[in-house]
Every structure is written in structure tokens, then in C-alpha cells.
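Here is a short report for a first look at this structure. The sequence and model come next, followed by notes on how the parts fit together.

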Amino acid sequence: MFRKATLDDIPQTAEIFRQLHELHVKAKPESFRTVPIEFFRDRLEWYVKGENAEVLVADEGGITAFAAVKLLDVTAEEKFPRRLCYVDCFAVDESRRRQGTGRRLMGYIREFARENACTSVQLGVSAFNESAKSFYQAMGFTPRTFIMEQKIN
């Protein structure tokens, strides 16, 4: 079952969020550091309580995946007005990966976006994360913007 998270879902969801963050810590230790579990709980609580924000979860006898999403209204004068659904964080529990949960959650995100009059779903993905990039491409996502970096040292 896929649904909007409640405050009661935060402890389980925070653990999945922590798993995703640790993947980033291992891959990019110069950019990411380990933080206490409270960091993830607080961030998820902001989404659950927030306006135009939600945590969407896969509940399969417990939380097995989640997406933190924001509804963003584009109103800049030089752009066509529209609403988009921005996936700020998307993660599947390590024990449930490659079993279709992520694919089904992405379908739920698209349904949520349609119900909220969004014209697209957007997200960012770290350049090192080849499995995530492959997954998103298989889900029909295409690159839109590249953020470039040059280190100064």
C-alpha cells in the first residue's frame, strides 16, 4: 500500500533515510558526514507537517520505501506558469531493493503529482550513483540540468 506518511511513520522512515545518506557518506566523504538519526527525524517531520510538502511511503507490513516531495509553483515572469512535483529524497530499504517497490512508489508519486495539477516530476541524483541514474532513466526520467563543480584547493 502506498500512502502519505504520518508522524508515527517517522522512526522507520528515518532509518531508510539514514541508509541513503550513508551511501553518500561512503561515496563522497569530502562532502557528506554521518549525522545523528535525529537529523533525519527532524527533516521528515518538516515534510509531514509542511505546506505543499509530503512524505509518501510504501507500507508493506512496515515502511519499506519513501519519497520526500515538494509541490513547487513556477511563477517567474520569464517562465510559463506551472506546478511541478520535486522529489527531494527517494529511498528504498536496503533489504527491499530490486523487488519492484521503488518502481511502484514512483508510480504513486506520478499519481500524486497528477492529483495536484503538476506538469512534471523532477528530482536530482548524485553523479556517482549509477544505480539510481539507471533506475530513474528506466522510469522515463531524462536529464534536464547538469550542475558542474570545480574544486579550489
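## Around Phe90

This is a predicted model. Beyond its neighbours within four places in sequence, Phe90 is in contact with Leu20, Phe66, Ala67, Gly102, Leu105, Met106, Ile109, Phe135 and Tyr136.

## Two nonpolar cores

Phe90 also belongs to the largest nonpolar core, which has 22 residues. Cys85, Phe90, Leu105 and Ile109 have the most contacts inside this core. Strand 2, strand 3, strand 4, helix 3 and helix 4 (130–138) each give two or more residues to it. Helix 3 provides the largest share, six residues.

Another core lies apart from this one. The second core has 18 residues, including Tyr47, Val48, Cys89 and Ala91. In general, nonpolar side chains in soluble globular proteins tend to be buried together.

## The sheet

How are the five strands ordered in the open sheet? The order is 1-2-3-4-5, and the pairing is mixed. Strand 1 (2–4) and strand 5 (120–123) stand at the edges. Each has a single partner strand, so one side of each is left without a neighbour in the sheet. On average, neighbouring strands are turned by 30° against each other, direction ignored.

Strand 1 and strand 2 (residues 53–59) run antiparallel, joined by three bridges. Within strand 2, Ala58 is the bridge partner of Phe2.

## Helix 3 across the strands

Helix 3 (residues 101–115) lies across strand 1, strand 2, strand 3 (63–74), strand 4 (82–92) and strand 5. Helix 3 runs at about 160° to strand 4.

Terms used
Residues are numbered from 1 along each chain as its sequence is written. This is a predicted model: local features need pLDDT of at least 70, side-chain atom pairs count only at pLDDT 80 or more; totals for chains, interfaces and linings use all residues. Side-chain values use heavy atoms; hydrogens and water are left out. Two strands pair if DSSP finds at least two bridges between them. Helices (H or I, at least four residues) and strands (E, at least two) are DSSP runs, numbered from the N terminus. Axes are lines fitted to C-alpha atoms, for helices over the stretch in contact, and angles run from 0 to 180 degrees between N-to-C directions. Contact means heavy atoms within 4.5 Å. A nonpolar core is a set of buried Ala, Val, Leu, Ile, Met, Phe, Trp, Tyr and Cys residues joined through side-chain atoms within 4.5 Å. Buried means under 20% relative accessible area, exposed over 50%, partly exposed in between (1.4 Å probe, protein chains only).
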